[in-house]
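Dear colleague,

Please find below a structure that I am handing over to you, together with its sequence. I should be grateful if you would read the notes that come after it with the model open.

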Amino acid sequence: MIGNVYPPENQSEGSLDGGRITEQKPIGFSGEGSAVTRVGPLFYWSWFRSPVEGYIAPHPHQGFEIVTYMIQGKGVHKDSHGTLNELGPGGLQLMRAGSGLTHEERLTGPDAEGFQIWFEPYLRDSLKQNPACRQYRPDFFPVTRIQGGLVKTMIGGSAPTDLSVDVRMLDIQILAGNGAQYELKSGRRAAVLAVRGAGSFCTEEESLLFRQRDFMVMDTKLGETLSLKAQDNVRVILIDVPENPGYPLYSKRP
């Protein structure tokens, strides 16, 4: 395994609505200063927070497939195609922007928190598709119970989330002193954000220690089992993507 840990100071930051919404960005847009500019087709990752309420005015999107996943609080989405969705904790929205749409977002607390994550499909084809927006309730997703924790699958496997990009996305929660395993196959990369707690990812040859808010990128040449060990109560979001998706990716500068 080859892996790196990027603490918050190596990620970029942002704010919206006069500071009512703050963002930590493990993967930012071009020119925002993130140490990681992309992980295969994983193009952008924002961890947003809004203590009371925040509003993002109407703005356009094209091409990308955009996931919003709420940890706590509520998020409301309204778009130019007549969609009005409200996401609560554990809910997920997939916006396949296609040929284009305009949307606005509102976060309500207390302490609204979640992620907006952009995946890059083959843009030449995606831009020809009609846009679509789907909402998935928390109980739509398969959950595997393990000793001292659980693994929730939001994308991939038997999860219903319908992306055209080859992605697997997991929400892993483990109590201190317990662990979980994940098989990372050859030619794929794992991007992991530590939402809560501290612990390590280990193989037979390497160990990566992490703390809350750290971001990790791991890959393997031959395929390996990653062992997650929880020092404290841990919650991580793991996204597994191919290093090379088989189509050209948008050029992006640091």
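The notes below take up the pockets, then the strands, and then two threonines in loops. Please bear in mind throughout that this is a predicted model.

**Pockets**

The largest pocket has a volume of about 340 Å³. Its lining consists of 23 residues, and those closest to the centre are L16, I56, H59, E105 and Q116. By type, the lining of the largest pocket comprises 10 nonpolar, nine polar and four charged residues.

Which strands each supply at least two residues of this lining? They are β3 (21-27), β4 (42-50), β5 (53-61), β6 (65-79) and β9 (101-119). The most comes from β9, which gives six residues to the lining of the largest pocket.

The second largest pocket has a volume of about 150 Å³. Its lining is made up of E65, R96, G98, P121, Y122, D125, S126, Q129, N130, A132, R134 and S164. Here the division is three nonpolar, five polar and four charged residues. Both α1 (123-126) and β10 (132-136) supply at least two residues of the lining of the second largest pocket.

**Strand β6 and its partners**

Strand β6 supplies at least two residues to the lining of the largest pocket, and E65, at the start of the range 65-79, is listed in the lining of the second largest pocket. Since 11 of the 15 residues of β6 are buried, this strand is largely enclosed by the rest of the structure. The cut-off behind that statement is a relative accessible area under 20%.

β6 pairs with β7, β8 and β9, as follows.

- With β9, β6 runs antiparallel and is joined by 13 bridges; K78 stands opposite E104 in β9.
- With β8 (residues 92-96), β6 is again antiparallel, through five bridges. E65 stands opposite R96 in β8, and both E65 and R96 line the second largest pocket.
- With β7 (residues 84-87), β6 shares four bridges in the antiparallel sense; the bridge partner of G75 in β7 is L87.

The hairpin of β6 and β7 has four residues between the strands, and G82 in this hairpin takes a positive phi near 90°.

**The open sheet**

How many strands form the open sheet, and in what order? There are seven, arranged as β1-β18-β15-β20-β13-β12-β11, with antiparallel pairing. Its edge strands, β1 (2-6) and β11 (143-146), each pair on one side only. From one strand to the next, the twist averages 20°.

Within this order, β13 (residues 168-174) and β20 (residues 234-242) pair over seven bridges in the antiparallel sense. R168 is placed opposite D240 in β20.

**Strands β16 and β17**

Strand β16 (residues 199-202) pairs with β17 in the antiparallel sense over four bridges. A hairpin of four residues joins β16 to β17, and C202 stands opposite S207 in β17. Strand β17 (residues 207-210) has two faces of contrasting character: L208 and F210 make up the covered face, whereas S207 and L209 make up the uncovered one. S207, the residue opposite C202, is thus on the uncovered face of β17.

**Two loop threonines**

T220 is located in the loop between β18 (215-219) and β19 (224-230). Is T220 buried or exposed? It counts as buried, because its relative accessibility is 6%, and the cut-off for buried is under 20%. The side chain of T220 reaches the backbone nitrogen of G223 at 3.0 Å. A polar atom of the same T220 side chain lies 3.5 Å from the backbone nitrogen of L222.

T161 is located in the loop between β12 (149-155) and β13. With a relative accessibility of 7%, T161 also counts as buried. Its side chain reaches the backbone oxygen of M154 at 2.5 Å.

Yours sincerely

Note on methods: Residues are numbered from 1 along each chain as its sequence is written. This is a predicted model: local features need pLDDT of at least 70, side-chain atom pairs count only at pLDDT 80 or more; totals for chains, interfaces and linings use all residues. Side-chain values use heavy atoms; hydrogens and water are left out. On a 1 Å grid over the protein atoms alone, a cavity is a set of points where a 1.4 Å probe fits but cannot get out, and a pocket is an open set with protein on both sides within 12 Å along at least five of seven lines; lining residues have an atom within 4 Å of a point. Grid points are joined across faces, edges and corners, and a volume is the space filled by probe spheres set on the points. Ala, Val, Leu, Ile, Met, Phe, Trp, Tyr, Cys and Pro count as nonpolar, Asp, Glu, Lys and Arg as charged, and the others, Gly among them, as polar. Two strands pair if DSSP finds at least two bridges between them. Axes are lines fitted to C-alpha atoms, for helices over the stretch in contact, and angles run from 0 to 180 degrees between N-to-C directions. Buried means under 20% relative accessible area, exposed over 50%, partly exposed in between (1.4 Å probe, protein chains only). A polar contact is a pair of N or O atoms within 3.5 Å; within protein, one must be able to donate a hydrogen and the other to accept it, and residues adjacent in sequence count only if both atoms are side-chain atoms.
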